[in-house]
Amino acid sequence: MHAGLRITAFAAALAATFGTAYGAGQGIDPVVKDPAPARHESHGEASPEAEGAGGHAGHEAPPAGGLQISEGGYTLDLRTPSVTAGKRSDLSFVIRDSGGRAVTAFQREHDKELHLIVASRDLATYRHLHPVRAADGTWSIPVDLPRAGGYRVFADFTPAKQDAENLVLGADLAASGSYDPQQLPAPNATAKIHGYEVRLDGGLRPGKESELKLKVTRDGRPVTNLQPYLGAYGHLVALRSGDLAYLHVHPNGEPGDGETKPGPQISFAATAPSSGTYRLFLDFKHEGKVHTAAFTVRAGAGATTAETPAHDDGAEEHAH
């Protein structure tokens, strides 16, 4: 994973069959098309594509990312295109090079060769996973997705080649069962999760870097002994509502560099690729357990951050 927010160009699709059941019947085909997320609020913002390659409103924004299945000569080959909601299943995939060969050598970044993010299209479910790689290059990990519907799988890695760049490849995943899309939570500056309260200070700006500060407290007291998790005191992933453009950053400074302290505040430098609504997921570790706080933020015209606390929405139910 990289220290700056990065995102890569959009070409994705998602599947098709919504109604009272998702993917039910004889056989489940791979996801190929997805309608706009149900019951999400209308933002009235122009798409990044309509704004041209130069970015939003004249700003030079980073390209949208995590939405291509292939990039830079590498392809995400998802071996498990569908699972059953509420049932533990093995998710497996292979990273292939331009010759179709399974890649078996990766750079270690933040203690792992590859980081896997799984998120539902309505952004109600989020998983930050670390699968195991077999000698033949097949990655696998058990997953248990609570809700039926469309999901996006993001593989975040850097090939073990000189001057290789970090890549984020994405593929669609379908979870069969009774489909009940969730409404995107309203913008919030405070998230409460398992007795902790995390306060967000700052916001996203299209095409411009801004600072996000997150302060962790418990029982009204600042938490000053956060523990390093994967080489950092916090990990932040942002997904853009609608197309699930992927952003990933790490805190300003790392444990042991003389600058970063173990809480209660963690800061990030972030650049949004466009106006829009984003869902932020912060992973932090305390007393041996990893917790995930989730926020909804808007970038661009009319962006505000509400004071409404976020509810525990299942974002924390994931393996690390």
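Is serine 92 buried or exposed? That is a handy way into this one, and point 2 picks it up.

1. First, the caveat and the overall build. This is a predicted model, so read everything below as computed from that prediction. The chain has 21 strands and zero helices. Of its 320 residues, 52% count as buried. On the outside, the chain exposes about 13700 Å², and carbon and sulfur atoms supply 47% of that area. If you look at contacts with a separation of 6 or more, 69% of them join residues 24 or more positions apart.

2. Back to serine 92. Serine 92 counts as buried, because its relative accessibility is 17% and the cut-off for buried is under 20%. You'll find serine 92 in strand 5, which covers residues 89-96. Leaving aside neighbours within four places in sequence, its contacts are Leu78, Arg79, Thr80, Thr138, Trp139 and Ser140. Threonine 80 is worth picking out of that list: serine 92 and threonine 80 sit 12 residues apart in sequence, with 5.8 Å between their C-alpha atoms.

3. Next, histidine 286, found in strand 19 (residues 276-286). Which side chain does the histidine 286 side chain make a polar contact with? Its partner is the side chain of asparagine 225, at 2.8 Å. Asparagine 225 also turns up in the contact list of histidine 286, alongside Tyr196, Arg218, Val223, Leu226, Gln227 and His291, once neighbours within four places in sequence are set aside. Histidine 286 has a relative accessible area of 3%, so the residue counts as buried.

4. Histidine 235 is another one to click on. Histidine 235 belongs to strand 16, residues 235-240. With a relative accessible area of 1%, histidine 235 is buried. Its side chain reaches a backbone atom: the oxygen of tyrosine 229, at 2.7 Å.

5. Histidine 248 is in strand 17, which spans residues 246-249. How buried or exposed is histidine 248? The relative accessible area is 0%, so histidine 248 is buried. For a spatial landmark, try alanine 270: histidine 248 and alanine 270 are 22 residues apart along the sequence and 8.7 Å apart in space, C-alpha to C-alpha.

6. Now a pair of histidines to check for backbone geometry. Most residues other than glycine have a negative phi. Histidine 110 has a positive phi of about 50° although it is not a glycine, and histidine 194 likewise has a positive phi of about 50°. Histidine 110 lies in the loop between strand 5 and strand 6 (114-120). Histidine 194 is in a loop too, between strand 12 (190-193) and strand 13 (196-201). As for burial, histidine 110 counts as buried because its relative accessible area is 18%, a value under the 20% cut-off. Histidine 194 is exposed, with a relative accessible area of 51%; the bar for exposed is over 50%.

7. Alanine 294 is in strand 20, residues 289-299. Its relative accessibility is 6%, so alanine 294 counts as buried. Alanine 294 and alanine 238 are 56 residues apart in sequence, yet their C-alpha atoms are 9.5 Å apart in space. Alanine 238 falls within the residue range of strand 16 (235-240), the strand where histidine 235 from point 4 is found.

8. Finally, the empty spaces. How many cavities of 30 Å³ or more does a search of the whole structure find? The search finds four. The second largest of them holds about 50 Å³ of space. Which residues line the second largest cavity? The lining is made by Ser120, Arg121, Asp122, Arg147, Ala148, Gly149, Gly150, Tyr151 and Tyr179. Strand 10 (residues 149-157) gives the largest share of that lining, with three residues. By class, the lining is an even mix of three nonpolar, three polar and three charged residues.

Conventions: Residues numbered from 1 in each chain as written. Predicted model: local features only at pLDDT ≥ 70, side-chain atom pairs only at ≥ 80, totals over all residues. Heavy atoms only, no water. 1 Å grid on protein atoms, 1.4 Å probe; cavity = no way out; pocket = protein on both sides within 12 Å on 5 of 7 lines; lining within 4 Å. Points joined across faces, edges and corners; volume = space filled by probe spheres on them. Helix = DSSP H or I, 4+ residues; strand = E, 2+ residues; numbered from the N terminus. Nonpolar A, V, L, I, M, F, W, Y, C, P; charged D, E, K, R; others polar. Buried < 20%, exposed > 50% of the residue type's maximum accessible area, 1.4 Å probe, protein only. Polar contact = N/O pair within 3.5 Å; in protein donor to acceptor, adjacent residues only side chain to side chain. Contact = heavy atoms within 4.5 Å. Areas by Shrake-Rupley, 256 points an atom, 1.4 Å probe, with all protein chains shown as cover.
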